[in-house]
Amino acid sequence: MPFALKDEITTRDRLREINEHWEGNASRKDLDHLNDVARAFIARCPYVLISSVGGDGRHDVSPRGDAPGFVEVVDDHTLIIPDRLGNHRLDTFENLLVNPGLGLIFLIPGYKETLRISGTGRIAADHDLRARHAVNGRLPDLVLVVQVAQAFMHCSKSSTRARLWAPDLWPVLDGVPTLAQWVKAAVDTDRTLDEVQAIHDNDAATRLY
C-alpha cells in the first residue's frame with residue numbers, strides 16, 4: 001500500500017507554483033556534447049554512478065570505479081566504460097537490453113562539484129575496445145559505450161550540506177551495517193557472520209580485475 005500523502009504534487013503547474021522556474025545560468029548550462037571542461041573532469045574522475053531502467057519500470061543505480069581517467073572519452077559524443085569484475089548481477093546491462101537510456105554522475109574525491117551526463121548505452125564484447133582497457137594484462141569481459149545526449153556540471157550545495165568531503169565532520173562508522181550483515185540477514189542463514197565477512201573480504205582483495 002503506497003504511503004498516504006497530503007497535498008501531493010501531480011502537475012508541472014503546481015510544481016512550479018511552489019518552486020518557480022529560474023531563468024539563470026542553471027537553466028541554460030546543459031550541452032548536447034562533451035566540451036573541454038567535461039573532458040578534463042572525466043580525465044580526473046575515478047568514480048561514476050550509472051542509472052538505468054528495466055523493462056518492468058524499476059530503476060537501478062550502479063557504481064563503477066577505477067584509476068582516475070578509466071572512463072575513455074572517444075569523441076565529443078562517445079564514452080567507453082570498462083566493466084570490471086563485480087557481483088555478476090549485470091543489472092545495468094540487463095536494463096540496457098530493453099531500455100538504452102541511462103544517466104551518469106561523475107565524482108572526484110574531495111571535489112564538491114559533479115558532472116552529470118545522460119544519453120544511451122550499448123554493450124560490446126569487441127576485443128580491441130576491451131584491450132584498450134586492460135589492467136595487469138586482464139581485459140574486461142565487456143565495455144559500455146555511451147552516446148552522450150546531455151552534459152552539465154552540477155553545483156556543490158548537496159555535497160556541502162552533506163559534508164561529504166570534510167573528514168573531520170564525517171559520522172562515526174562504529175555500528176554502520178556491513179554488506180556481510182545484509183547477506184547474512186537476507187540470504188545466507190547457514191554460515192556465521194564471520195564466515196560471510198571472510199568471503200567478502202577475500203573477494204574484495206582478489207577479484208578487482
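**Burial, charge pairing and surface patches in a predicted model**

At a relative accessibility of 2%, C45 counts as buried, and this residue is found in the loop between helix 2 (36-43) and strand 1. The structure described here is a predicted model. Within it, C45 and G65 are 20 residues apart in sequence, while their C-alpha atoms are 8.8 Å apart in space. S52 belongs to strand 1, which comprises residues 47-53, and with a relative accessible area of 1% S52 is likewise classed as buried, because the limit for that class is under 20%. The side chain of S52 is engaged in a polar contact with the side chain of N95, at a distance of 2.9 Å.

As regards the overall architecture, the protein chain contains 7 helices and 7 strands, and read from the N terminus these elements follow the order α-α-β-β-β-β-α-β-β-α-β-α-α-α. The C-alpha trace spans about 55 × 50 × 40 Å along its principal axes. Of the 209 residues in the protein chain, 28% count as buried.

Side chains of opposite charge can pair when their charged atoms come close. A search of the whole structure returns 9 salt bridges. One of the pairs in the model joins D66 to R84, with the closest N and O atoms 2.7 Å apart. D66 is located in the loop between strand 2 (59-65) and strand 3 (72-75), whereas R84 is located in the loop between strand 4 (78-83) and helix 3 (91-98), so the salt bridge ties together parts that are 18 residues apart in sequence. Both partners fall in the buried class, since D66 has a relative accessibility of 16% and R84 has a relative accessibility of 17%.

Other charge pairs are placed in settings that can be described in terms of their accessibility. The side chains of R58 and D56 meet in a salt bridge with an N to O distance of 3.1 Å, and both R58 and D56 are exposed. A further salt bridge is formed by the side chains of D91 and R89, for which the N to O distance is 2.7 Å. In this pair D91, at 23% relative accessibility, counts as partly exposed, whereas R89 is exposed, with a relative accessible area of 54%. In addition, D7, R14 and E17 are joined into one network by salt bridges that share partners.

Two surface patches, one charged and one nonpolar, may be considered next. The positive patch is formed by K29, R116, K157 and R161. Among its members, K157 has its place in helix 5, which covers residues 157-162, and K157 is exposed, its relative accessible area being 52%. The nonpolar patch consists of I9, L15 and I18, which together present about 270 Å² of accessible area on the surface. Of these residues, I18 lies in helix 1 (residues 12-18), where its relative accessible area of 55% places I18 in the exposed class.

The backbone geometry at certain loop positions was also examined. Most residues other than glycine have a negative phi, and most peptide bonds are trans. At N136, however, phi is near 55°, a positive value in a residue other than glycine. N136 lies in the loop between helix 4 (127-131) and strand 7 (142-154), and at 76% relative accessibility N136 counts as exposed. Phi of R163 is likewise positive, with a value near 55°, and this residue too is not a glycine. R163 is found in the loop between helix 5 and helix 6 (179-186), and with a relative accessible area of 47% R163 is partly exposed.

Finally, P100 provides a point of reference for a separation across the model. P100 is placed in the loop between helix 3 and strand 5 (101-107), and its relative accessible area of 39% corresponds to the partly exposed class. The C-alpha atoms of P100 and R207, which are 107 residues apart along the chain, are separated by 28 Å.

Notes
Residues are numbered from 1 along each chain as its sequence is written. This is a predicted model: local features need pLDDT of at least 70, side-chain atom pairs count only at pLDDT 80 or more; totals for chains, interfaces and linings use all residues. Side-chain values use heavy atoms; hydrogens and water are left out. Patches are made of residues with over 30% relative accessible area and no salt bridge: like charges are joined within 9 Å, nonpolar side chains (Val, Leu, Ile, Met, Phe, Trp, Tyr) within 5 Å. Accessible areas come from the Shrake-Rupley method with a 1.4 Å probe; for residues, only the protein chains shown count as cover. A salt bridge is a side-chain nitrogen of Lys or Arg within 4 Å of a carboxyl oxygen of Asp or Glu. Lys and Arg count as positive and Asp and Glu as negative; His and the chain ends are not counted. The place of a charge is taken as NZ of Lys, CZ of Arg, CG of Asp or CD of Glu. Helices (H or I, at least four residues) and strands (E, at least two) are DSSP runs, numbered from the N terminus. Buried means under 20% relative accessible area, exposed over 50%, partly exposed in between (1.4 Å probe, protein chains only). A polar contact is a pair of N or O atoms within 3.5 Å; within protein, one must be able to donate a hydrogen and the other to accept it, and residues adjacent in sequence count only if both atoms are side-chain atoms.
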